[in-house]
Structure formats: structure tokens, C-alpha cells
Amino acid sequence: MNRSIHLAALVLLAALSALAGCSQKDAEPPQASSPTATTATEDEHSEAAGQHADETEAPLSMTATEQAAAGLRIETMAPMRLGEVLQAPGEVVDNAYGVTLITPRVAALVVRRHAKLGDEVASGAALVTLSSVEVAEAQGELRIAEQEWKRVAALGRDAVSGRRYTEAAVAVEQARAKARAYGLESNAAGPANGEFTLYAPHAGRLTEDDFVIGQRIEPGVTLFRLVDESTVWVDATLPAEIARRVVVGKEATVVAAGVRLLGRVVQSAHRTAEDTRNAHVRVEVPNDGDQLHAGDFVEVSLATAGSGLEQIAVPTEAIVQLQGQTVVFRERTAEEFEPVPIKVGAVVADHTIVTDGVTAGERVVVAGTYALKARMLKAELGEGHGH
């Protein structure tokens, strides 16, 4: 019996031991990952993050075909001396130094006209014939004085008194002076009928003609306005403070009906209009082919002296705003570009001075910049919304 009890106790002890072992195994915490496994996982995440960063900072790519289609133009930066080009409206006016008013110097009646409005006449061409009583008297006096002078001069000082000789000389000089004052030839050729003709003093076009046959014309009244149109003036209108930057002697370009004509600045006005605060800059233009006429409105391009300093500058269209920064696109390789923040200075004509961010020798996109900007923004939107 004792042996049976002893055997039962051993079986019970073995059962309790087995039960305790199972409880300890269930209560044991899970085993931590090995250091080697943890390091591998972190490296994988770091590599993935690095690859994403490289993709974000990668330059913008564009093939040569795509560049041509987008109109890209790239230039190597070099210092340049900028001169401003001003655009201004202008009006063609007659060159006053080539204008002559044809007027009688004595009251007269119009007898015949030899030219009419719009005619282009040569120097010395007859324009109009008039008749005047005063001219008839002057013609008669000149004829008598010249005949007397010829007779006295032929006799000589030994045959006539000194007084008569002197009087004849003075009389003929006075008669000739009176004839010249009336616009006549200073000789007695032709009849003394009071008719006289006015001639063109130079070649040109008749732009005014305001009289009729038989009209009485007072001294100083204009019969014809004769204009030499081989050279005209163009008065460009500019704000006074801007007009001061135009340099006399500089070339200028005049555009009229699509035709470009070269001229030269001959005068910068020293007077400002009180109502508009504008001033005129006068350009002299050779009028080859008679393309410009007084009263025509044209466009004028005027060059200023510039600063005289060589500076880095880019066409203003090459500059864009990107993420709140002023940038240009710099070429990294033949098909790769990157945005470069810059600091800008003054705008001179169609160029903007760059004070920082771009240096001489670097190649910068000067045309088609907005195509690059659009592609960059499109790529950023794709990365932000494509996942």
C-alpha cells in the first residue's frame, strides 16, 4: 500500500511540473528583433528617401527637338554696354530751312499763273506773273537812268562836268536798287509795262496756292508755299524728364506705314508744354522716294547715351517668378536646365540688369522661358497628386 501511495505521489509531481512549464512558456514575452534586422530596415528607408530627394532636385530635362518646338534660345552671358531705346509718337513737319513763301513786294494784280498746287518745280521756274503801277514806274526810271548813264559814261569825265557824271552814276544805282526792292531784274531789259514774274528760288513742291487770276495781292501776302521735301523733320513727343535723355546727333528710326527710315536727332526741345508736360525731340529724315509728308503721324525709336558701364543683362522676357523668387533658367547640359534665383537692377529698353546670381560665361535661356516654367510646374503637380 505504501508503495502504491508513493507511486501516486510521483505521478502527481510530474503532472504539476509539466503544468508549470506550460504556464512559463505562455508568459514569456516575444523575443526582440535582432540588431541586424533593424539596421537593414532603416537602411532601406534611408535609401528610398534619398532616391526621392534626388528625384526632386534633378534638373529639368528637355530634348533638342522639344527645345526647338518650345522656341528655346540660349545665350552665353557677357558684359554689355546698354543704351536705352525710347519709343514715341511723332508728327512729320516741313523742314523750315527748305521752305520759301512766294510773295510780291509791292501791291499788284495777278495776270498769269505758270504753276499750280502740288507741282514739283525746278529752281528758276516761272511761278506767277503780276502787274503793278509802281513796278511800271520803277521799270521806266531804270530804263531812263541806264540810257543816261551809258551816254555820260561813253563821253567820259573829260567831256562832261563832274557833277553831271556823278548824278548819272547815282541815278542809275538808285533805279537799280528800287528794281531789286520790287523783285525785278536790276537792268532795263523788257518793256516798262509794269508786269513782272516771280520765280522759284530753289527746287521743291508747291504746297499752298491761294489766289485767282485778277486778284489784287498786297505786299507780303503768300501766293505759293514752296517746300523742298528732300529732307523732312519729325517731331517726337516725350515726357520732359525722358526727353532730356535723348542725345543730339544720335541716330533715330522712323516707321511710317510699315516703312523704316533712318534719321538723326537734330534738336532736343528746351521748352516743356504747360498743359501736357511733354517736350519735342526733332529728328531730321532724308525723304527718299517722297514717302513722308507734313502732317503724317509716325512712330519714332530714339537711342539714349546709355550708362557707359558694361554689365550683365538678360532680355526681360527671360525672367520669371517661381515659388516667390525671381529666376532665370541656366543650362547645365545640352538637354538639362535648372532655375537660378537672381537679383535684378534697372530695366533698360528690353533688357534687365542682373546684379547677382548669374556670371559671365554661363549659358542662360533667353527665350522660351515660360515653356520651361510650365514643364516644371506640371512635374511638381504630378509628384504631389500622382500617389
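The following exercises, with worked solutions, concern a predicted model.

**Exercise 1. Determine which parts of the model call for caution.**

Step 1. The mean pLDDT of the protein is 82, and 80% of its residues reach 70 or more.
Step 2. Over residues 22-57, the pLDDT is below 50. This stretch has three contacts in the model beyond near neighbours in sequence.
Step 3. Where pLDDT is low, predicted coordinates should not be read in detail.

**Exercise 2. Establish the strand order of the four-stranded open sheet and identify its edges.**

Step 1. The order is 9-8-6-11, with antiparallel pairing.
Step 2. Strand 9 (195-199) and strand 11 (216-217) each have a single partner strand, so they stand at the edges, and one side of each is left without a neighbour in the sheet.
Step 3. Strand 8 (residues 126-131) is joined to strand 9 by five bridges. Within this pairing, Ala126 of strand 8 has Tyr199 as its bridge partner in strand 9.

**Exercise 3. Describe the largest nonpolar core and the elements that supply it.**

Step 1. This core has 27 residues; Leu127, Val128, Leu130, Phe196, Leu223 and Phe224 have the most contacts inside it.
Step 2. At least two residues come from each of strand 6 (108-113), strand 8, helix 4 (133-155), helix 5 (162-181), strand 9 and strand 12 (224-227). Helix 4 gives the largest share, four residues.
Step 3. Apart from this core lies another, of 23 residues, including Val234, Leu238, Val283 and Val300.
Step 4. The surroundings of Leu127 can then be examined. Among the residues that Leu127 touches, leaving aside those up to four places away in sequence, are Ile102, Val121, Leu198, Tyr199 and Phe224. Arg113 is also touched by Leu127, and Arg113 lies over the face of Phe211, at 4.2 Å from the ring centre.

**Exercise 4. Classify two of the three aromatic pairs by geometry and exposure.**

Step 1. The ring centres of Tyr97 and Trp233 are 5.3 Å apart; the planes stand at 90 degrees, so this pair is edge-to-face.
Step 2. Tyr97 lies in the loop between strand 4 (85-94) and strand 5 (99-102), whereas Trp233 belongs to strand 13 (residues 231-239), 136 residues apart.
Step 3. Tyr97 is exposed, at a relative accessible area of 75%, whereas Trp233 is buried, at 7%.
Step 4. For Trp149 and Tyr165, the centres are 5.3 Å apart and the planes at 65 degrees, so this pair too is edge-to-face.
Step 5. Trp149 is in helix 4 and Tyr165 in helix 5, 16 residues apart.
Step 6. Trp149 counts as partly exposed, at 23% relative accessibility, and Tyr165 as buried, at 16%.

Definitions and conventions: Residues numbered from 1 in each chain as written. Predicted model: local features only at pLDDT ≥ 70, side-chain atom pairs only at ≥ 80, totals over all residues. Heavy atoms only, no water. Pairing = 2+ DSSP bridges. Core = buried A, V, L, I, M, F, W, Y, C linked by side-chain atoms within 4.5 Å. Buried < 20%, exposed > 50% of the residue type's maximum accessible area, 1.4 Å probe, protein only. Contact = heavy atoms within 4.5 Å. pLDDT = per-residue confidence, 0-100. Phe/Tyr/Trp six-rings, centres within 6.5 Å; stacked < 30°, edge-to-face > 60°. Lys NZ or Arg CZ within 6 Å of the ring centre and 35° of its normal.
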